[in-house]
Amino acid sequence: MYYATMNNAAFFSLFLFLSAARGEPCLAQAGDLDPLRLQGRWTLVSTNGKPAASPAAFFEISGRQIRGFDGCNSFGGSLDRADLIRKTERDCPGMDPFPLDLADPLGQLNAANLEADILSLPVRGQVGIAVFRRN
């Protein structure tokens, strides 16, 4: 049984490696971003050209899960069930809102542009772009 499980894991790893090595372009346009291409930790660099006030603000996608820190509050949950994403509720006077809308993160991420490890995310409710860098 252990041997069969290891063979399946090895086969799946090889499949993922070969799929990634097909030479897909590094550029993804708005509307075609799959959360699987956004795996990893994304740190906020700037919003509307203004450097991030908190260098610790980030979100991280692992599988279909999201977690992060907006500079004051932590959040986490399932990308597939935005209604179940939970966020701490510390009072953060004078802090700009986090540019990722946790009410519909997939919808907003699908409207983003990805080039290499830079994600340009349209800011909901206003004109502008938030820039995140994959760490």
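Here is a short chat about a predicted model of a protein chain.

Biologist: Before we start, what should I know about the model?
Modeller: It's predicted, so local features need pLDDT of at least 70 and side-chain atom pairs count only at pLDDT 80 or more, while totals for chains, interfaces and linings use all residues. Residues are numbered from 1 along each chain as its sequence is written, and side-chain values use heavy atoms, with hydrogens and water left out.

Biologist: What pattern does the protein chain follow along the sequence?
Modeller: Helices (H or I, at least four residues) and strands (E, at least two) are DSSP runs, numbered from the N terminus. The chain has two helices and 10 strands. Read in sequence order, that gives α-β-β-β-β-β-β-β-α-β-β-β.

Biologist: How many residues does the largest nonpolar core have?
Modeller: A nonpolar core is a set of buried Ala, Val, Leu, Ile, Met, Phe, Trp, Tyr and Cys residues joined through side-chain atoms within 4.5 Å. Buried means under 20% relative accessible area, exposed over 50%, partly exposed in between (1.4 Å probe, protein chains only). Strands β2 (40-47), β4 (58-62), β9 (118-122) and β10 (129-134) each give at least two residues to the largest core. Its residue count is 21.

Biologist: Leaving aside neighbours within four places in sequence, which residues is Leu100 in contact with?
Modeller: Contact means heavy atoms within 4.5 Å. Leu100 is among the residues with the most contacts inside the largest core. With those neighbours set aside, its partners are Phe59, Ile66, Pro105, Gln108, Leu109 and Leu121.

Biologist: Is the aromatic pair of Trp42 and Phe59 stacked or edge-to-face?
Modeller: Rings of Phe, Tyr and Trp (its six-membered ring) pair if their centres lie within 6.5 Å; planes under 30 degrees apart count as stacked, over 60 as edge-to-face and the rest as tilted. Trp42 and Phe59 sit 6.5 Å centre to centre, with 20 degrees between the planes. So this pair is stacked.

Biologist: How many residues apart in sequence are the parts that Phe98 and Phe132 tie together?
Modeller: These two form an edge-to-face pair, 6.0 Å centre to centre with 80 degrees between the planes. Phe98 lies in the loop between β7 (86-87) and α2 (105-110), and Phe132 in strand β10, so the parts tied together are 34 residues apart.

Biologist: Which residue lies over the face of Phe58?
Modeller: A charge sits over a ring if NZ of Lys or CZ of Arg is within 6 Å of the ring centre and within 35 degrees of the ring normal. Here the distance from the ring centre is 3.5 Å, and the residue is Arg41.
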